[in-house]
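The following exercises are to be worked with the sequence and the coordinates at hand. Each task is followed by a solution in steps.

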Amino acid sequence: MKAAIFGSCVSRDTAEFMPEVEVVAYVARHSVTSLQSPHGTDGLDISGLTSAFQKRMVTSDLKGTGARRIVEKANDLDFVLIDLVDERRGFWRFPDGTTMTNSLEIESCGAAREARRVGARLVEFGTDEHFFAWKAGFEQLMAELKEVSLLERTILLDIEWAGAVDGAPHPQNDGLAKLGRSWRRLQRGAREAGRGLSNGRGVGEAWQSLRAVKPTEAEEYADRALSANADYIRYRRDAQSLTESSVVRASNDVRIARDHKWGPQPFHYRNADYESIVRSIREKVTMNGSETP
């Protein structure tokens with residue numbers, strides 16, 4: 001079978017658990033906002049990117065060719081996978097109204113710095129401005145897929161961020177649980193401040209240590225996942241309403257893989273999670289008329 005991806009690590013990592021599938025078009029580092037108002041490559045130096053893959057993805061974003069790269073393969077495709085991970089970093093809006101995705105590659109090569117210098121501003125994920133620009137771009141992507149009869153073969157991977165590492169329980173995120181995490185941080189800060197005073201540090205220094213206490217790894221993952229999943233709600237709701245099929249996993253269904261090849265992140269899951277997602281994809285592909293082994 002042959003597939004296309006418009007998204008990032010959630011879809012790409014999942015596809016690696018489908019040995020029968022060849023990914024023939026992979027559109028990454030590309031917000032759907034770039035489909036409507038691509039900035040173009042003029043005036044932006046991306047020569048600092050050393051990877052040919054990175055250059056291709058960033059150039060595609062700057063030219064707004066992501067949908068076209070999938071559409072031109074329409075006759076060969078059995079299905080299309082979409083995820084929303086690349087939206088999380090927002091996009092740059094230039095004074096002339098054009099945009100580019102705020103990918104890590106754009107930052108690393110200096111293009112983000114250049115964008116700011118010429119008056120562009122960062123439109124952050126979760127804001128109303130970002131959401132409505134994203135919605136228009138996503139509707140365009142769906143319309144282009146529909147035009148070549150790919151919409152019925154498109155599957156949204158709606159996988160929430162994991163709030164705990166494999167082996168740990170899913171964190172409780174009600175008000176009492178969040179208050180408990182804050183209280184434990186305060187206790188750690190108080191202990192550190194007390195040790196500082198005992199060692200002769202001034203009250204001001206001790207107070208700073210109380211305020212600067214860092215969350216534990218578990219607390220950081222829980223807080224990041226809770227915040228991201230809340231920000232994604234209206235995006236996911238609209239994306240589900242516009243796509244024919246969705247594979248959905250809640251945060252408490254998945255866990256962070258500590259040994260993931262790209263490192264532990266709330267959107268890097270366990271092998272068992274990918275295998276579960278793959279089973280759901282195969283079911284939907286079969287229902288849409290394609291054969292699986």
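A residue counts as buried when its relative accessible area is under 20%, as exposed when that area is over 50%, and as partly exposed in between. The model is a predicted one.

**Exercise 1. Overall composition**

Task: Determine what percentage of the 293 residues in the chain is buried, and how many helices and strands the chain has.

Solution. Step 1: buried residues account for 49% of the 293 residues. Step 2: the secondary structure consists of 10 helices and eight strands. Step 3: for contacts between residues at least 6 apart in sequence, 73% link residues at least 24 apart. Step 4: the area exposed by the chain is about 14,200 Å², of which carbon and sulfur atoms supply 49%.

**Exercise 2. Strand β7 and its partners**

Task: Establish why strand β7 (residues 154–159) is described as largely enclosed by the rest of the structure, and identify the strands with which it pairs.

Solution. Step 1: six of the six residues of β7 are buried, so the strand is largely enclosed by the rest of the structure. Step 2: in a regular strand, side chains alternate between the two faces of the sheet. Step 3: accordingly, T154, L156 and D158 point one way from β7, while I155, L157 and I159 point the other way, and all are buried. Step 4: β7 pairs in the parallel sense with strand β3 (residues 79–82) over three bridges, where V80 stands opposite T154. Step 5: β7 also runs parallel to strand β8 (residues 245–249), to which five bridges join it; here R249 is the bridge partner of I159.

**Exercise 3. The nonpolar cores**

Task: Name the residues that touch the most other members of the largest nonpolar core, and list the contacts of L141 beyond four places in sequence.

Solution. Step 1: the largest core has 58 residues, and those touching the most other members are I70, I82, L141, L157, Y269 and I281. Step 2: with neighbours within four places in sequence left aside, L141 is in contact with F6, V32, L35, A67 and I82. Step 3: another core, of 14 residues, lies apart from this one and includes L44, I46, F94 and I106.

**Exercise 4. Helix α9**

Task: Compare the span of helix α9 (residues 217–242) with the expected value, and locate its kink.

Solution. Step 1: the 26 residues of α9 reach 36 Å from first C-alpha to last, close to the 38 Å expected at 1.5 Å a residue. Step 2: a kink of about 45° is centred on I233. Step 3: the buried residues of α9 include E219, Y221, N229, R236 and D238.

Key:
Residues numbered from 1 in each chain as written. Predicted model: local features only at pLDDT ≥ 70, side-chain atom pairs only at ≥ 80, totals over all residues. Heavy atoms only, no water. Core = buried A, V, L, I, M, F, W, Y, C linked by side-chain atoms within 4.5 Å. Buried < 20%, exposed > 50% of the residue type's maximum accessible area, 1.4 Å probe, protein only. Contact = heavy atoms within 4.5 Å. Helix = DSSP H or I, 4+ residues; strand = E, 2+ residues; numbered from the N terminus. Expected span 1.5 Å × (residues − 1). Bend = angle between axes of the 7 residues up to and from the residue. Areas by Shrake-Rupley, 256 points an atom, 1.4 Å probe, with all protein chains shown as cover. Pairing = 2+ DSSP bridges.
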